[in-house]
Amino acid sequence: MTGSLFLNESGIREVVRTLAERIRTDYSGKTLVTVGVLKGSFSFLPDLIRELHLDVEIDFVGLSGHALLKDLSRNITGKHVLLVTDIVDTGRSIAFLRDHLLRSGPESLEIVTLLDRAHRRKCEVAIRYAGREVDDRHFYGYGLDLNEKFRNLPELRAVQRDG
């Protein structure tokens with residue numbers, strides 16, 4: 001396996017538990033609609049919602065660049081929405097999704113990301129819940145891919161980016 005270990009399974013569980021604890025406190029007594037960003041959130045989202053211990057609805061959106069490949073299948077008007085993503089880099093994609101979802105009139109909308117590259121932001125986007133601040137390496141495993149492979153790894157690994 002190429003790359004170095006960044007977070008093992010227990011390390012990921014701890015990050016997820018910490019995020020879930022904060023979210024659970026903020027949304028206590030409320031129903032929360034979680035919106036997973038495909039494909040990267042497919043491992044993170046189920047682990048996160050299992051730790052929330054809240055009434056949770058689940059939906060997904062798919063994005064390629066700034067093109068929406070899959071939109072919501074439910075109405076989020078007047079609901080508390082949590083946009084769940086694997087990694088936020090420049091912020092452009094997540095800002096596009098945030099703005100798209102806000103047009104539906106949710107009661108609230110916050111963002112949770114497993115990994116955050118805040119130092120690379122190109123547009124303003126508030127990340128309410130960030131698991132780990134990361135550098136410019138490419139991360140894969142636990143839902144993140146390396147050339148569309150390795151999403152199924154139970155840990156997160158990292159390789160240096162080319163260029």
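**Close-up views of a predicted model**

**View 1. S28, an exposed residue of a loop.** At 54% relative accessibility, S28 counts as exposed, because the cut-off for that class is over 50%. This residue of the predicted model is placed in the loop that joins α1 to β2. Although 24 residues separate S28 from L52 in sequence, their C-alpha atoms lie 9.5 Å apart in space.

**View 2. The whole chain.** The chain holds 3 helices and 9 strands, which follow one another along the sequence in the pattern β-α-β-α-β-β-β-α-β-β-β-β. The C-alpha trace spans about 45 × 30 × 25 Å along its principal axes. For 163 residues, a compact globule would be expected to have a radius of gyration near 15 Å, and the value of 15 Å for the chain agrees with this. Of the 163 residues, 48% are buried. When contacts between residues at least 6 apart in sequence are considered, 67% of them join residues at least 24 apart.

**View 3. The largest nonpolar core.** This core comprises 28 residues, and those with the most contacts inside it are I23, F44, L48, V112 and L156. Two or more residues come from each of β1 (4–7), α1 (9–26), α2 (44–52), β5, β6 (108–116) and β9 (156–159). The greatest contribution is that of α1, with 6 residues. Apart from residues up to four places away in sequence, F44 touches V16, L19, V84, T85, V112, T113, L114 and Y142. A second core, separate from this one, has 18 residues, including I76, I94, L97 and V125.

**View 4. L114 in strand β6.** L114 is found in strand β6 and counts as buried, with a relative accessibility of 1%. Its contacts, leaving aside neighbours within four places in sequence, are V15, F44, T85, D86, G131, R132, Y142 and L156. By contrast, the C-alpha atoms of L114 and H80, 34 residues apart along the chain, are separated by 20 Å.

**View 5. The buried face of α3.** The buried residues in α3 are I94, A95, L97, R98, H100 and L101. They pack against the strands β2, β3, β4 (67–70), β5 and β6. Of these helix residues, I94 and L97 are included in the second core of 18 residues.

**View 6. E155, a buried glutamate in a loop.** E155 is placed in the loop between β8 and β9. Its relative accessibility is 16%, and the residue therefore counts as buried, since the cut-off is under 20%. Beyond its neighbours within four places in sequence, E155 is in contact with L5, L7, N8, E9, I12, Y140, G141 and Y142.

**View 7. The largest pocket and its lining.** The largest pocket has a volume of about 690 Å³. Its lining is made up of 26 residues, and T85, D86, I87, S93 and D145 are those that lie nearest the centre. By residue class, the lining divides into 9 nonpolar, 8 polar and 9 charged. At least two lining residues are supplied by each of β2 (31–38), β3 (55–64), β5 (80–88), α3 (92–102) and β8 (138–140). Of the residues nearest the centre of the pocket, T85 is also touched by F44, and both T85 and D86 are in contact with L114.

Note on methods: Residues numbered from 1 in each chain as written. Predicted model: local features only at pLDDT ≥ 70, side-chain atom pairs only at ≥ 80, totals over all residues. Heavy atoms only, no water. 1 Å grid on protein atoms, 1.4 Å probe; cavity = no way out; pocket = protein on both sides within 12 Å on 5 of 7 lines; lining within 4 Å. Points joined across faces, edges and corners; volume = space filled by probe spheres on them. Helix = DSSP H or I, 4+ residues; strand = E, 2+ residues; numbered from the N terminus. Nonpolar A, V, L, I, M, F, W, Y, C, P; charged D, E, K, R; others polar. Core = buried A, V, L, I, M, F, W, Y, C linked by side-chain atoms within 4.5 Å. Buried < 20%, exposed > 50% of the residue type's maximum accessible area, 1.4 Å probe, protein only. Contact = heavy atoms within 4.5 Å. Rg over C-alpha atoms; globule rule 2.2 N^0.38 Å.
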